[in-house]
Amino acid sequence: MHSLSRRTFIQKSSALGLGLSLTNYISFAEAKAEGKRVGIIGLDTSHSIAFVKALNADQPDPVYDGYRAVAAYPYGSKDIESSAKRIPGYIEEVKKMGVEIAGSIKDLLSKVDVVLLETNDGRLHREQAIEVLKAGKRVFIDKPVAASLSDTLAIYQAAEKYKIPIFSASSLRYIKGADAIDKSKVTGADTYSPAALEKTHPDLFWYGIHGVETLFTVMGTGCKSVTRVNTPNTDIVVGLWEDGRTGTFRGTRTGKHDYGGTVYTVDGNKILGPYGGYEPLLVDIIKYFKTGEVPVTPKETIEIYAFMEAADESKRQGGKSVTLESVLSKVKK
């Protein structure tokens, strides 16, 4: 059989009614041979399904360069009900798309070349990410990086220790209009997103991260301090940047869920939105898997989580201004 060309093999197989399955089989074999086997940790989020559907489509977009999801370790939160209840159904769904279910992260790592860490529960990310880094594999960590600022720092320290650059981002970094913003002309910005709360995570880490990441996407780094106004239905966090600019995030817990914002520039105001789905993020993930170059620096990601931690501290202090340096210094002790 090895003497047959790939096309001839598929044609002969198709004559037996096996064309589709064997074509998929060969695609997986090619992914394995070329180091493009993608593993997933965590089937407790819809993000995992979206990524598998894109990568393992019958005719995937060429921009994904042949990377395919070949195995998944499903856990994943076991005690956040909204996440844990998804796992059984998502297991069956990815199996239908050709994904093997691994019994452990160690087992998964033996089958893949790169990893999507999708676990919805950020409390698990530190342990899971470090296991991947120890294995020498590149890993994308979906939001949140972790469920605490201290774990976020520990993950990036481990990445430095094992010399594996890591990439983390919310898909809202790719909201329509963001890529057209010239950061050198931005004088300020207001962004908004839902900010549902989960008792196991700091307030904004669970869902507010989406709008906060949008804010940093257009403002860039350099936030010095934040002030937070909190009510049961709304959070408003005002950040003061070192150069005097201000950026505001509004997190909502009532009304229709929506994402967007306004960017103020020297050339006029620019509108962000609507949300453009997961594909633009996945394109950057594949670029990172291929090159090891991260589209978002560790400095920026860490600053985003320091911003949210400072917002929590401002809430605890009744809305007082809190510097990012103060919360970073506290967790570094």
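## A walk through the model, starting at I41

I41 is in touch with Y73, Y75, I105, L108, V115, L116, L117, E118, T119, Q128 and V132, leaving aside residues up to four places away in sequence; a contact here means heavy atoms within 4.5 Å. Apart from the core around it, which we'll get to, lies another core of 30 residues, with A69, L281, L282 and F289 among them.

Some ground rules before going on. This is a predicted model, where local features need pLDDT of at least 70 and side-chain atom pairs count only at pLDDT 80 or more, while totals for chains, interfaces and linings use all residues. Residues are numbered from 1 along each chain as its sequence is written, and side-chain values use heavy atoms, with hydrogens and water left out.

How confident is the predictor? The pLDDT (the predictor's confidence in each residue, from 0 to 100) has a mean of 92 for the protein, and 90% of the residues reach 70 or more. Take care with residues 1-30, though: pLDDT stays under 50 there, and the model has 21 contacts beyond four places in sequence for that stretch.

**The big picture**

The protein has 13 helices and 13 strands. These are DSSP runs numbered from the N terminus, with helices being H or I of at least four residues and strands being E of at least two. Of the 333 residues, 52% count as buried. Buried means under 20% relative accessible area, exposed means over 50%, and partly exposed is in between (1.4 Å probe, protein chains only). The protein exposes about 15,200 Å², and carbon and sulfur atoms supply 51% of that; the areas come from the Shrake-Rupley method with a 1.4 Å probe, and for residues only the protein chains shown count as cover. Among contacts between residues at least 6 apart in sequence, 73% join residues at least 24 apart.

**The core**

In soluble globular proteins, nonpolar side chains tend to be buried together. A nonpolar core is a set of buried Ala, Val, Leu, Ile, Met, Phe, Trp, Tyr and Cys residues joined through side-chain atoms within 4.5 Å. Which members of the largest core touch the most other members? Out of its 61 residues, they are I41, V139, I166, V226, Y305, F307 and M308. Helix α12 (residues 298-316) gives this core its largest share, eight residues.

S314 lies in helix α12 as well, and S314 counts as buried, at 0% relative accessibility. Leaving out residues up to four places away in sequence, S314 touches V226, T227, R228, G319, K320 and V322. S314 and V226 are 88 residues apart along the chain, yet their C-alpha atoms are separated by 7.3 Å.

**A helix with two sides**

Now look at helix α7 (residues 125-134), where H125, Q128, A129, V132 and L133 are buried. Why do they sit on the same side of α7? Because they cover an arc of only 135° around the axis, the arc being that of the directions from the helix axis to the C-beta atoms. On the other side of α7, E127 and K134 are exposed. The cover over the buried residues includes β1 (37-41), α6 (105-109), β4 (114-117), β5 (139-142) and α8 (149-161). After α7 comes G136, with a positive phi near 80°.

**Charged partners**

Side chains of opposite charge can pair when their charged atoms come close. The structure holds 21 salt bridges, each a side-chain nitrogen of Lys or Arg within 4 Å of a carboxyl oxygen of Asp or Glu. Here are three of them:

| Pair | N to O distance | Separation along the chain |
|---|---|---|
| D113 and R37 | 3.0 Å | 76 residues |
| E93 and K53 | 3.7 Å | 40 residues |
| K185 and D267 | 3.0 Å | 82 residues |

Where do D113 and R37 sit? D113 is in the loop between α6 and β4, and R37 is in strand β1. D113 is partly exposed, with a relative accessible area of 22%, whereas R37 is buried, at 16%.

E93 belongs to helix α5 (residues 87-95) and K53 to helix α3 (residues 46-55). E93 is partly exposed at 28%, and K53 is partly exposed at 47%.

K185 is in the loop between β6 (167-169) and β7 (186-194), while D267 is in the loop between β11 (260-265) and β12 (268-272). K185 counts as partly exposed, at 33% relative accessibility.

Finally, D203, R228, D235, R253, D312 and K315 are linked in a network of salt bridges.
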